[in-house]
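Please find below some notes on the model you sent, set out as numbered points. I begin with the sheet and then turn to the helices, the pocket and one lysine.

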Amino acid sequence: MLALVMAGGRGMRLGLECEKPLLEVYGRPMIDHVLESLEAAAGVHEIMVVTSPNTPLTEEHVKGHRIFRTSGRGYVEDLQEILSHLEKSLDEPVMVINADLPLISPSTIDWIIGEYLSGDEEALCVAVPEKLCRVYGLDFSDSMDGLVPCGVNILMSKNRVQDQRILEASMLELAVNINSCSDLHVLEKLGENDGREETHKRGREVLE
């Protein structure tokens, strides 16, 4: 399916001097890690990077991919804009993924797509246990019944309310969503090799 990489946010909580998608993670811009995993995922046939007036340098950085620039009024508004654009010519599910998930792997992307295709709902929201975030000291601002949305969704390419299923995934690679300085600190403590090894080791285990 088509993957939409949401890359228009300012990252104000991080107090960055650079655009958030271009924040250096393990020696490369954070968005590059996400794009690389999407490119290697069997279930993704095309990538579109969704930028905004807040991220002109990101737009230049990813110019090898399809780009859609929104008005940059906010995440929800940006998503509504791109869906309104797509529904004119597309009638199929799309993956929506934030540019701040540097540890996500191709196998996890394919697993999420497979889970979506096995259900009947139009939309799927991937969430991690709140307990997992607390164990690792990860910041989060939203929780629903003990689950924290991780920034990965699949939904039909239509700008309307859709029936949604919550997919619980106790996976560190989905919990490490870089939104604050404390999240960056966790990522630095893990280190590139240790972080990826830890996320792969945990796999899809249920957190006890």
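1. In this predicted model, seven strands make up an open sheet of mixed pairing, and their order is β5-β4-β1-β6-β8-β7-β9. The edges are taken by β5 (66-69) and β9, each of which has a single partner strand, so that one side of each is left without a neighbour in the sheet. From one strand to the next, the twist averages 25°.

2. At the β5 edge, strand β4 (residues 46-51) runs parallel to β5 and is joined to it by four bridges; within this part of the sheet, Met48 stands opposite Arg66 in β5.

3. Two helices deserve attention here. Helix α1 (residues 30-40) lies across β1 (2-6), β4 and β6, and runs at about 155° to β4, while helix α4 (residues 106-117) packs on the sheet with contacts to β6, β7, β8 and β9, its direction making about 140° with that of β9.

4. The largest pocket holds about 1,400 Å³ of space and is lined by 50 residues, with Tyr75, Val76, Asn98, Gly151 and Asn179 lying nearest its centre. Two or more lining residues come from each of α3 (75-86), β6 (93-98), β7 (123-129), β8 (147-156) and α6 (172-175). By type, the lining divides into 25 nonpolar, 16 polar and nine charged residues.

5. Is Lys158, in the loop between β8 and β9 (164-168), buried or exposed? Its relative accessible area is 17%, and because this falls under the 20% cut-off, Lys158 counts as buried. Leaving aside residues up to four places away in sequence, Lys158 touches Leu83, Glu87, Leu90 and Asp91.

Terms used: Residues are numbered from 1 along each chain as its sequence is written. This is a predicted model: local features need pLDDT of at least 70, side-chain atom pairs count only at pLDDT 80 or more; totals for chains, interfaces and linings use all residues. Side-chain values use heavy atoms; hydrogens and water are left out. On a 1 Å grid over the protein atoms alone, a cavity is a set of points where a 1.4 Å probe fits but cannot get out, and a pocket is an open set with protein on both sides within 12 Å along at least five of seven lines; lining residues have an atom within 4 Å of a point. Grid points are joined across faces, edges and corners, and a volume is the space filled by probe spheres set on the points. Ala, Val, Leu, Ile, Met, Phe, Trp, Tyr, Cys and Pro count as nonpolar, Asp, Glu, Lys and Arg as charged, and the others, Gly among them, as polar. Buried means under 20% relative accessible area, exposed over 50%, partly exposed in between (1.4 Å probe, protein chains only). Contact means heavy atoms within 4.5 Å. Two strands pair if DSSP finds at least two bridges between them. Axes are lines fitted to C-alpha atoms, for helices over the stretch in contact, and angles run from 0 to 180 degrees between N-to-C directions.
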